[in-house]
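Reader: I am new to this structure and would be grateful for a close look at a single part of it, namely the aromatic rings and how they pair. Please set the scene before you turn to them.

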Amino acid sequence: MNKKGVLGESIVDFISIILIIITLILFFFLFRYNITLESFFVDKGSIYESEEEISNNIMLLNYLRTPYNEGIIADLVIKSIKDSDFKELDLVTQGIFKDSNSCFILFIGAGNTEICPKKELGMKFREFRSEGSVLIPTKEKNIIEVKMLSSGEFYE
Amino acid sequence: MNKKGVFFLPFLTLALIACLLFAYYTLILHNENNPDSEIGDKQYLLYEYYGKAENYLFFIDVSAKYSIEKAIDDLNKNGGFSEDDVWRIGHSPDVKEEFKKSFNKYFNEYMDLSLNEKSAEQRRTLYKQNKNNYDLNFESNILFGKSNKKIVFALSDFNYSINSSFKQKFNYDFTKYDFIKKEIEDLLRCLENKETITDNLIKECKFNRIYNLNNNILTYNVDDIKLKIELGKNKGVASTEWGTSF
């Protein structure tokens with residue numbers, strides 16, 4: 001075997017080994033970077049929000065389905081809008097949410113009501129962010145939309 | 001060194017690069033299942049549609065409640081019929097069926113209300129799927145409605161479907177009509193062959209209610225029910241039909 005041949009093979013081997021090392025390092029970072037980026041997309045905040053938004057809608061539905069007199073709160077909502085008198089609704093609503101650890105703003109008709117039962121205890125609450133929306137048909141075949149904004153729970 | 005051995009390491013390098021490129025492409029660049037998605041995306045989508053379905057069910061519940069009230073108003077206003085009609089020999093209402101007819105009319109109108117909504121999805125689900133889609137059954141004073149077909153929310157990856165139903169209590173005594181039928185049957189029998197009906201003839205039939213008589217059409221109220229009866233010789237209806245018609 002001549003010396004040039006041995007030298008040539010050694011160079012090829014050397015280049016190959018270097019290339020393998022570079023490739024492994026490159027792909028290690030490529031995979032690592034993407035996996036990290038993917039992990040970055042799993043935003044705990046956004047999961048929390050979407051969950052809260054759905055819960056908020058269910059909470060609004062439960063509120064509207066709450067039995068009141070011989071009907072449900074939704075009937076009182078319709079009556080209040082019809083009579084433009086929200087006193088009774090306001091009173092009943094404050095009573096329903098009195099033990100809640102969150103603050104709410106209810107948008108009913110043209111008006112809105114803020115319910116913040118533990119505000120007076122000096123507790124702070126998070127910003128209003130998640131929203132629920134429910135449609136109520138009326139006997140006169142109109143549709144009333146009731147919206148509810150909710151803050152997160154109070155914190156010290 | 002063997003000549004074949006000369007190419008071993010470069011081939012191994014190329015094969016390794018090819019494998020890693022393939023893995024990179026399939027796992028990272030072209031991953032259909034989870035490219036940029038968040039953990040639990042589909043689960044949350046499912047939960048989100050559970051919430052939306054609850055909204056629809058609430059809309060259906062309230063619609064059913066008002067449709068019942070309106071159907072009862074119709075029965076009272078039309079003497080047991082769903083539309084303006086008169087009792088006569090061979091023609092009396094099957095009150096529960098008339099109620100269902102009237103209920104369906106109003107319930108479908110409520111479903112049409114969703115046409116005004118901005119969301120195309122709501123239009124699709126409520127309007128198309130809920131119209132004429134309910135089997136109605138009575139159990140004492142409760143009306144049960146159960147959808148014949150599932151209401152489907154078509155999503156990109158999967159369909160979310162619900163069996164829609166409602167249960168509404170109402171306060172209406174259908175048995176009142178049994179008594180009314182008997183009373184009207186007696187009166188119609190009594191005046192069956194009379195050409196012109198007069199107050200005296202009605203009195204002879206021992207009909208003791210306060211009524212109004214106009215062109216052989218007698219109208220009177222039983223509680224909230226307004227009844228309209230065509231008296232006298234019936235047009236083309238043989239008297240032998242009595243008994244089967246009521």
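Author: Read from its start to its end, chain A runs through the pattern α-α-β-β-α-α-β-β-β-β-β, which gives four helices and seven strands. This is a predicted model, and the values that follow are computed from it. Of the 156 residues in chain A, 34% are buried, and among its contacts between residues at least 6 apart in sequence, 55% join residues at least 24 apart. The accessible surface of chain A comes to about 9700 Å², with 59% of that area belonging to carbon and sulfur atoms.

With that setting in place, we can turn to the rings. A pair of aromatic rings is described by two quantities, the distance of the centres and the angle of the planes. Over all chains, the count comes to 21 aromatic pairs. One of them joins B:F81 and B:W87, whose centres lie 6.3 Å apart and whose planes stand at 75 degrees, an edge-to-face arrangement; an angle over 60 degrees is what places a pair in that class. Are these two residues buried or exposed? The cut-off for buried is a relative accessible area under 20%, and B:F81 has 3%, so B:F81 counts as buried; B:W87 has 0%, and therefore B:W87 counts as buried too.

The rings of B:F103 and B:F107 are arranged in another way, because their planes are at 15 degrees, with the centres 5.5 Å apart, and the pair is therefore stacked; the limit for stacking is an angle under 30 degrees. Both residues belong to helix 4 of chain B, which spans residues 95–113, and they sit four residues apart, or about one turn of the helix. B:F103 is buried, since its relative accessibility is 0%, and B:F107, at 2%, is likewise buried. These two phenylalanines also belong to a wider group, for ring pairs link B:F103 and B:F107 into a cluster with B:F99, B:Y134, B:F138, B:F166, B:F170, B:Y172, B:F174 and B:Y177.

For a view of the surface, one may look back to chain A, where A:L7, A:I11, A:F14, A:I15, A:I18 and A:I22 make a nonpolar surface patch of about 590 Å². One of these residues, A:I15, is found in helix 1 of chain A, residues 3–41, and with a relative accessible area of 49% A:I15 is partly exposed, whereas B:F103 is buried at 0%.

How values were computed: Residues are numbered from 1 along each chain as its sequence is written. Chains are lettered from A and ligands numbered from 1 in the order in which they are written. This is a predicted model: local features need pLDDT of at least 70, side-chain atom pairs count only at pLDDT 80 or more; totals for chains, interfaces and linings use all residues. Side-chain values use heavy atoms; hydrogens and water are left out. Helices (H or I, at least four residues) and strands (E, at least two) are DSSP runs, numbered from the N terminus. Buried means under 20% relative accessible area, exposed over 50%, partly exposed in between (1.4 Å probe, protein chains only). Contact means heavy atoms within 4.5 Å. Accessible areas come from the Shrake-Rupley method with a 1.4 Å probe; for residues, only the protein chains shown count as cover. Rings of Phe, Tyr and Trp (its six-membered ring) pair if their centres lie within 6.5 Å; planes under 30 degrees apart count as stacked, over 60 as edge-to-face and the rest as tilted. Patches are made of residues with over 30% relative accessible area and no salt bridge: like charges are joined within 9 Å, nonpolar side chains (Val, Leu, Ile, Met, Phe, Trp, Tyr) within 5 Å. A salt bridge is a side-chain nitrogen of Lys or Arg within 4 Å of a carboxyl oxygen of Asp or Glu.
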